[in-house]
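Dear colleague,

I am handing over a structure that you have not worked with before. Please look through it first; my findings follow below.

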2 protein chains.
Amino acid sequence: MSKVQTGHPTLADVARLAGVSRQTVSNALNNPDLLRADTLERVRQVIEELGYSPNRAARNLRMRSSSLIGLRMHAVQEGTANAAMDRFIHSLVAASEQAGYHVLLFDGVGEDPVTGYADLLRATAVDAFVVTDTFLGNPQAKWLHEHGAPFVAFGRPWDAEAPRHSWVDVDGAAGTRLATEHLVEQGHTRIAWLGWRHDSPIGQDRRTGWEATMRDHGLATDDLDARVLDSVEDAARAAATLLDTAAPTAFVCASDTLAMGVLHTLWIRQIAPGRDVAVVGFDDSQVAQVFPVGLTSVRQPLEDVAVEIVRILSSLLGGRGAQPEGVLLAPTLAVRESSLRA
Amino acid sequence: MSKVQTGHPTLADVARLAGVSRQTVSNALNNPDLLRADTLERVRQVIEELGYSPNRAARNLRMRSSSLIGLRMHAVQEGTANAAMDRFIHSLVAASEQAGYHVLLFDGVGEDPVTGYADLLRATAVDAFVVTDTFLGNPQAKWLHEHGAPFVAFGRPWDAEAPRHSWVDVDGAAGTRLATEHLVEQGHTRIAWLGWRHDSPIGQDRRTGWEATMRDHGLATDDLDARVLDSVEDAARAAATLLDTAAPTAFVCASDTLAMGVLHTLWIRQIAPGRDVAVVGFDDSQVAQVFPVGLTSVRQPLEDVAVEIVRILSSLLGGRGAQPEGVLLAPTLAVRESSLRA
DNA sequence: TTCGATGATTGGAACGATCCACACGGCCGG
DNA sequence: CCGGCCGTGTGGATCGTTCCAATCATCGAA
């Protein structure tokens, strides 16, 4: 042939060298059981030899799919929350790879919350989305649902009674329940709650676990319940007030940031975390792990979340128009010095 | 026409409705100045009306490019370092979007370090790579260079004398210089260095800034130089030893993790950070920001790094086979309570 | 008036894979 | 002996875009 071998080898190149048709090579890759054993072996040999990989663009065009999952990066907030984001993204990439997908990141800062989604969708640049910012009556979920775009949300659709789309979430109440039970086991009876002031469903959910556990053990909660903004300073002040008025011996917090505030107050008052007063945070962020007095914290099973999300996405894209599915996963407790008497 | 409108509109649909040829529509998008003004307007009208976006797969196939930049997630380490990773990824996504690219994440854990790169490259799934894990004589960079794959490294090629590829990096020495100068201004003269034991070029680089600045000011360094593993406990021990033997009034650390160790020792000894002994960390991680006594820390300009990387990548892909280019950016100092006398 | 140059637009070919309908040979049952 | 079926394998058509060469109209200069 006069065709000069410049770029990557193509299906046709493999076919020519193996002495078969293009279709047969294609089958060798996608439907190996259609080929006779010896033919398959011969084709595979040539593929190996040439270092051939099917061209993604061509496959995408014909298949009308990209094997890409879109994930939108949302604005960098300075809290401890997006430390978890890093772990989640990593898990999602790993899980996606297992299922033959890659993760495409995009950005929608400062614009209409759905433009990024719309563009990628219209251009058929991604097959599906993972929506993470469900904290506030997520317009994305609604929009995607209306446009028939396949997606799975990380986070429950709090606003809707009947979930119209699939989601995976972590059971916050189960997390604070774990934390509270752990503190009760350590002999604490006056366990305070330090949560968020604003009525986020997530905050409510987390508070529920503490309250229910306290009730189960017949422990008082009335004067041990404080809500502030998610800042170290506000938490420090609230902790000081609580210590003065209600003398708690332990704190369960809605976030690691709040827990840091408590630790700050303890530090100022020369109270030893763990030995004198126990503290438990939420999210198991970098901060909890690196803080000199290791901070006990509720850890979200983000690896499992990612696996579940990819599983649901796969079945969604597999064609089976299955019912919307919701998965609630239980967190674990990373126990460190801040909640141990020893 | 008998063609039923099921999926997304195509170039041909637009052309038919606008009464022009497909090529003209294509030009309207890619070479608007080739069209007469009124034709352009008419085509644009129809595009708007139909909500048309060119199909990515088809474009990619024809153009032999994907407008995707590959970034490999490396293993999640528990240190403070990968907190910066999150910020970097976000910046890279934003910068890429500006230049018309998207970021594709992939994963190469546990495998041959180059397999992930090889697969994506052969399949022409990405146009270029950003290599971030240059800490150890990066085999990736070598491999990519040999295979003629376009890429930019975040991190200097320490091993090579003459850089064969483009890179962008942050000047660590300039960072610790900033930190040390800041401490000198605060009246400190006995400023200790707490660095890493292992001889990483990055660690050496950071140490240089401290040492040179001390020398410039005629300050002693001999007994103020300690190296440990990158762990809170080891750093705490080293800080204790230094305080006993050399009585430093300030610490410059190679990482926020090490700084946390110093703060831990100060806490145990009832020494007030900032007022009594100053501490400066490196990386401005979550920890530095959320720690009750805000930790002064060297902050890498990751946003600028991302912009530079994308700029170089664009020129690389633009066809101009320019010379390999190296860019060194200066960090800034995020000053907080841990280094202030007040 | 004719010619070449320029501007605006066009139809066909190509990118490289998969889908589809069909061909070929062998095997079985009638 | 023939018709149908199954296991294999083939060649065209197709996905939606951009590249290429050619076309047509317009205009100024010879």
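**Findings**

Leaving out residues up to four places away in sequence, B:Thr132 touches B:Leu71, B:Arg72, B:His74, B:Met85, B:Phe88 and B:Phe154. Please bear in mind throughout that this is a predicted model. B:Thr132 sits in the loop that runs between strand 3 (128-131) and helix 7 (139-146) of chain B. Its relative accessibility is 14%, so B:Thr132 counts as buried, the limit for that term being under 20%.

Two further residues of chain B may be set beside it. B:Ile69 belongs to strand 1 (residues 68-73) of chain B. With a relative accessible area of 0%, B:Ile69 is buried. Apart from neighbours within four places in sequence, B:Ile69 is in contact with B:Ser96, B:Tyr101, B:His102, B:Val103, B:Leu104, B:Ala128, B:Val130 and B:Leu313. One of these contacts, B:Val103, is 34 residues away from B:Ile69 in sequence, while the C-alpha atoms of the two are 4.9 Å apart in space.

B:Glu211 is found in helix 9 (residues 201-216) of chain B. This residue is partly exposed, with a relative accessible area of 27%. B:Glu211 and B:Pro331 are separated by 120 residues in sequence and by 17 Å in space, from C-alpha to C-alpha.

**Domains and nonpolar cores**

In chain A, the domain assignment gives domain 1 (11-54), domain 2 (68-170 + 302-330) and domain 3 (172-300 + 334-339). Taken over C-alpha atoms, the centres of domain 1 and domain 3 of chain A are 61 Å apart.

The largest nonpolar core comprises 88 residues, and those with the most contacts inside it are A:Leu194, A:Phe251, B:Leu194 and B:Phe251. For B:Phe251, once neighbours within four places in sequence are set aside, the contacts are B:Leu183, B:Ala192, B:Ala239, B:Leu242, B:Leu243, B:Val262, B:Val277, B:Ala278, B:Val279 and B:Val280. Another core, of 56 residues, lies apart from the largest one; among its members are A:Met85, A:Val103, B:Leu71 and B:Val170.

**DNA strand C**

Which residues come nearest to DNA strand C? Of the 25 residues around this strand, they are A:Leu11, A:Gln23, A:Ser26, B:Thr24 and B:Thr39. Among the atoms of DNA strand C within 4 Å of the protein, 65% belong to sugar or phosphate, and the rest belong to bases.

Several polar contacts can be named. A polar side-chain atom of A:Arg22 is 3.3 Å from a base oxygen of DNA strand C. From chain B, a polar side-chain atom of B:Thr24 lies 2.5 Å from a phosphate oxygen of the strand, and a polar backbone atom of B:Arg36 is 3.0 Å from a phosphate oxygen of the strand. The elements that give two or more residues to the surface near DNA strand C are helix 2 and helix 4 of chain A, together with helix 2 and helix 4 of chain B. Helix 4 of chain A supplies the largest share, five residues. By type, the residues of this surface divide into nine nonpolar, nine polar and seven charged.

Helix 4 of chain A also deserves a look at its two ends. At its start, a side-chain oxygen of A:Asn55 reaches to within 2.8 Å of the backbone nitrogen of A:Ala57. After the helix comes A:Arg64, whose phi is positive, near 55°.

**DNA strand D**

DNA strand D is surrounded by 25 residues, of which the closest are A:Thr24, A:Thr39, B:Leu11, B:Gln23 and B:Tyr52. Sugar or phosphate accounts for 63% of the atoms of DNA strand D within 4 Å of the protein, and bases for the rest.

Where polar contacts are concerned, a polar side-chain atom of B:Gln23 lies 2.3 Å from a base nitrogen of DNA strand D. An N or O atom in the side chain of B:Tyr52 is 2.7 Å from a phosphate oxygen of the strand. In chain A, a backbone N or O atom of A:Ser21 lies 3.0 Å from a phosphate oxygen of DNA strand D. Two or more residues each are given to the surface near DNA strand D by helix 2 (22-30) and helix 4 (56-63) of chain A and by helix 2 (22-30) and helix 4 (56-63) of chain B. Helix 4 of chain B gives the most, with five residues. The residues of this surface comprise nine nonpolar, nine polar and seven charged.

With kind regards

Conventions. Residues are numbered from 1 along each chain as its sequence is written. Chains are lettered from A and ligands numbered from 1 in the order in which they are written. This is a predicted model: local features need pLDDT of at least 70, side-chain atom pairs count only at pLDDT 80 or more; totals for chains, interfaces and linings use all residues. Side-chain values use heavy atoms; hydrogens and water are left out. A residue is near a molecule or strand if one of its heavy atoms lies within 4 Å of it. A polar contact is a pair of N or O atoms within 3.5 Å; within protein, one must be able to donate a hydrogen and the other to accept it, and residues adjacent in sequence count only if both atoms are side-chain atoms. Helices (H or I, at least four residues) and strands (E, at least two) are DSSP runs, numbered from the N terminus. Ala, Val, Leu, Ile, Met, Phe, Trp, Tyr, Cys and Pro count as nonpolar, Asp, Glu, Lys and Arg as charged, and the others, Gly among them, as polar. Domain bounds come from an automatic or database domain assignment. A nonpolar core is a set of buried Ala, Val, Leu, Ile, Met, Phe, Trp, Tyr and Cys residues joined through side-chain atoms within 4.5 Å. Buried means under 20% relative accessible area, exposed over 50%, partly exposed in between (1.4 Å probe, protein chains only). Contact means heavy atoms within 4.5 Å.
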